[in-house]
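Reader: I am new to this structure. Please take me through one part closely, and then follow the thread to its surroundings.

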Amino acid sequence: MHFDPRVQRALKEAGLDADAVADASDRVAELVARDADRLREFFDGDDPYYSDMEMAHSAASRQEHASADVDLFTHGSDLRGYLSLDGWGVPVEGGRVLREADDGAPVVVELSLGDTVNDRVRFAREREEL
């Protein structure tokens, strides 16, 4: 079960039986795994990436990253991993697709980044998408 006890209680009070709560929990895990796959797809390329990350050594509102690679894993409703950018990296503590193309490919994604960044950062393959 991926819901904490309060959420489980609220769902039961809303009329869901134990099987329905378990089904909803399984669906959450499926959706998180799907998001992880789509984020991996987004970062599976060779072209530069652009972000709205604030960086101490740059006054630019949009950063260009020559390379990016993401290693993600999921557990229930958690999506975690590590993002490597231009030779340095940062833990990933969550993520989602914000915008997709007509064919469903991710265009803009957002990652919640951990220590050293501690912020939600948007990424795109084209600067103007940010």
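Author: **Helix H2 and the strands**

In H2, the buried residues include Val21, Ser25, Ala29, Val32, Ala36, Arg38, Leu39 and Phe42. Buried means under 20% relative accessible area, exposed over 50%, and partly exposed in between, with a 1.4 Å probe and protein chains only. Helices (H or I, at least four residues) and strands (E, at least two) are DSSP runs, numbered from the N terminus.

Two notes on the source. This is a predicted model, in which local features need pLDDT of at least 70, side-chain atom pairs count only at pLDDT 80 or more, and totals for chains, interfaces and linings use all residues. Residues are numbered from 1 along each chain as its sequence is written, and side-chain values use heavy atoms, with hydrogens and water left out.

Back to the helix. H2 covers residues 18-42, 25 residues in total. At 1.5 Å a residue it should span 36 Å, and its end C-alpha atoms are 36 Å apart, so the two agree. The expected span is 1.5 Å times one less than the number of residues. At the start of H2, a side-chain oxygen of Asp17 comes within 3.2 Å of the backbone nitrogen of Asp19. A polar contact is a pair of N or O atoms within 3.5 Å; within protein, one must be able to donate a hydrogen and the other to accept it, and residues adjacent in sequence count only if both atoms are side-chain atoms.

Next, Ser51. Ser51 sits in strand E1, residues 49-51. Its relative accessibility is 0%, so Ser51 counts as buried. The side chain of Ser51 makes a polar contact with the side chain of His65, at 2.8 Å. A polar atom of the Ser51 side chain also lies 3.3 Å from the backbone nitrogen of Met53.

Now the strands. E3 (residues 68-75) and E4 pair in the antiparallel sense over eight bridges. Two strands pair if DSSP finds at least two bridges between them. Leu72 has Gly81 in E4 as its bridge partner. Two residues separate E3 and E4 in a hairpin, and Gly76 in the turn has a positive phi of about 60°.

E4 spans residues 78-85. Its covered face holds Leu79, Gly81, Leu83 and Leu85. Its uncovered face holds Asp78, Arg80, Tyr82 and Ser84.

On to E5, residues 88-100: E4 and E5 pair in the antiparallel sense over five bridges. Ser84 stands opposite Gly89 in E5. This hairpin also has two residues between its strands, and Asp86 in the turn has a positive phi of about 50°.
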